[in-house]
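This report describes one chain and its bound ligand, beginning with the ligand site and moving outward to the fold and the domains.

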Amino acid sequence: MGNKAEINPEKELATGLETVVGKRDKTVARGRKKTEALLNVEDLSLSFTQYSSGLRQTELKVISNLSIQAYKGEILAIVGSSGSGKSLLAHAILGILPSNAKLDGKIEYDGNELTQERKEEMRGKEIALIPQAITYLDPLMKVSNQVIGCIEKENEGLMRKLQREIFQRYNLKPEVERMLPHELSGGMARRVLVSTAVISSSKLVIADEPTPGLDEKTLNETLSYFKDMADKGCAVILITHDIEAALKISHKIAVFYAGTVLEVANVEDFKNNGENLRHPYTRALWSALPQNKFQAIKGHQPMQDEVIDGCIFYERCSKKKAICSQGTPQLKQINGGVVRCNNAS
Ligand SMILES: Nc1ncnc2c1ncn2[C@@H]1O[C@H](COP(=O)(O)OP(=O)(O)OP(=O)(O)O)[C@@H](O)[C@H]1O
Ligand code: NI
């Protein structure tokens, strides 16, 4: 990343792309507080309609009562076990769920409801997804054309210039422009995907597990791209299994479990002995970190078709009381974070 000081893509992007992309969202309500979230997800539920034998229709609930916020200039990490609903949340925000999905609750962007129409309008422009795999790119289209996306002829020159600057910044040599996706190495592919988000001048960037299998150097490099985006004023959502990586760059950590959020903690809460963490599951994740001796907890996340009356973590919780088996605990604000636990105070 030795070229960083010579070019200033942020400035280029801020000026150039206003002209190119043209219509930015002008629906921002005036006089809103600066602290308002760029993305506000409230009480989101998601289920899939499924047909079993004899055309019997069933609803499989995969996300329930899920609330999170993302703020400009901040990185929100989303962690949690496999199947806890992390990718589906990203797909719900981008409006790319399959047709048998039923979504309830509120998704607001910049103070206004994010309808399916608005999601489609903003996808790849105002809101970008950095997918996990290069398979999301068209295998038959040159890399540079995919990074630039669909643009009007008169803007092509400016976009090519921006693309070259961004490639240079991310250490992608000029010949990469003419390559097809299968010609890229794993690291190059990741940088191409990041470039797609950067050139889009998106304000909300969602990265879905961008780091698995990376060596230490490439991992840190990838993390630094997200930090750059947040420093530039973007709201970044980083979906990851790698809590240690998340702790390096994030401001807040949302802990997902079986389709809901059990805690949103500040990164500082993970320091020292983790005693400021609010939920027993987050504390268990903390104990499972390598520096804390990988202590695991017994049991597994409930399956979607299991009916659970009380707290979703009840079976595995070491602090459970009788009340925890009856009804879902309310989401409480504690010490600058939120938690869904009867015992937290
Ligand atoms: N189209 C679908 N129909 C039915 N169930 C689905 C569908 N898509 C996803 N699911 C289920 O929803 C749950 C949440 O999936 P999701 O992909 O969001 O998990 P995740 O937290 O991203 O997991 P991972 O960490 O493994 O990527 C999973 O149990 C998955 O099997
Ligand atoms: Ni996923």
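The residues that form the shell around ligand 1 divide into five nonpolar, six polar and one charged. The structure is a predicted model, and the shell consists of F48, L60, V62, S82, G83, S84, G85, K86, S87, L88, P98 and Q304. Two elements, β2 (56-70) and α2 (86-94), each give two or more residues to this shell. The greatest contribution comes from α2, with three residues.

Helix α2 also has a buried side to its composition. Its buried residues are K86, L88, L89, A90, A92 and I93. Of these, K86 and L88 are also listed in the shell around ligand 1. After α2 comes G95, which has a positive phi, near 70°.

**Confidence of the prediction**

The mean pLDDT of the chain is 85, and 89% of its residues reach 70 or more. Residues 1-34, by contrast, have a pLDDT below 50; in the model this stretch has 33 contacts beyond near neighbours in sequence. For the complex, the predictor gives an ipTM of 0.99 and a pTM of 0.85.

**Overall fold**

Nine helices and twelve strands are found in the chain. It has 345 residues, of which 36% count as buried. Among contacts with a separation of 6 or more, 67% are between residues 24 or more positions apart.

One open sheet contains four strands in the order β2-β1-β4-β5, and its pairing is antiparallel. Its edges are formed by β2 and β5 (112-113), each of which pairs on one side only. Strand β2 is thus both an edge strand of this sheet and a contributor to the shell around ligand 1. At the other edge, strand β4 (residues 101-109) runs antiparallel to β5 and is joined to it by two bridges. In this pairing, Y109 stands opposite N112 of β5.

Strand β6 (residues 127-130) is covered on both faces. On one side I127 and L129 are buried, and on the other A128 and I130 are buried. Four bridges link β6 to strand β7 (residues 204-208), and the two strands pair in the parallel sense. Within this pair, L129 of β6 stands opposite I206 of β7.

**Two domains and their contact**

The chain is divided into domain 1 (37-50 + 58-126 + 202-339) and domain 2 (138-200). Taken over C-alpha atoms, the centres of domain 1 and domain 2 are separated by 30 Å. Contact between them involves eight residues of domain 1 and six residues of domain 2. On the side of domain 1 that touches domain 2, the largest share, three residues, comes from helix α7 (residues 216-231). By class, that side has three nonpolar, four polar and one charged residues.

**The loop between β6 and α4**

Two residues of the loop between β6 and α4 (143-148) deserve a separate account: P139 and K142. Each lies close in space to a residue from much further along the sequence, as the table shows.

| Pair | Separation in sequence | C-alpha to C-alpha distance |
|---|---|---|
| K142 and V176 | 34 residues | 8.8 Å |
| P139 and P181 | 42 residues | 5.6 Å |

Is P139 buried or exposed? P139 counts as exposed because it has 9 C-beta neighbours inside 10 Å, and the cut-off for exposure is 12 or fewer. K142 counts as partly exposed because it has 15 C-beta neighbours inside 10 Å, which falls between the limit of 12 for exposed and that of 20 for buried residues.

Apart from residues within four places in sequence, P139 is in contact with L180, P181 and H182. K142, not counting residues up to four places away in sequence, touches E177, R178, M179 and L180. L180 therefore appears among the contacts of both loop residues, by the contact criterion of 7 Å between C-beta atoms.

Note on methods: Residues are numbered from 1 along each chain as its sequence is written. Chains are lettered from A and ligands numbered from 1 in the order in which they are written. This is a predicted model: local features need pLDDT of at least 70, side-chain atom pairs count only at pLDDT 80 or more; totals for chains, interfaces and linings use all residues. Two strands pair if DSSP finds at least two bridges between them. A residue is near a molecule or strand if its C-beta atom, placed from the backbone, lies within 6 Å of it. Ala, Val, Leu, Ile, Met, Phe, Trp, Tyr, Cys and Pro count as nonpolar, Asp, Glu, Lys and Arg as charged, and the others, Gly among them, as polar. Domain bounds come from an automatic or database domain assignment. Two residues are in contact if their C-beta atoms, placed from the backbone, lie within 7 Å. pLDDT is the predictor's confidence in each residue, from 0 to 100.
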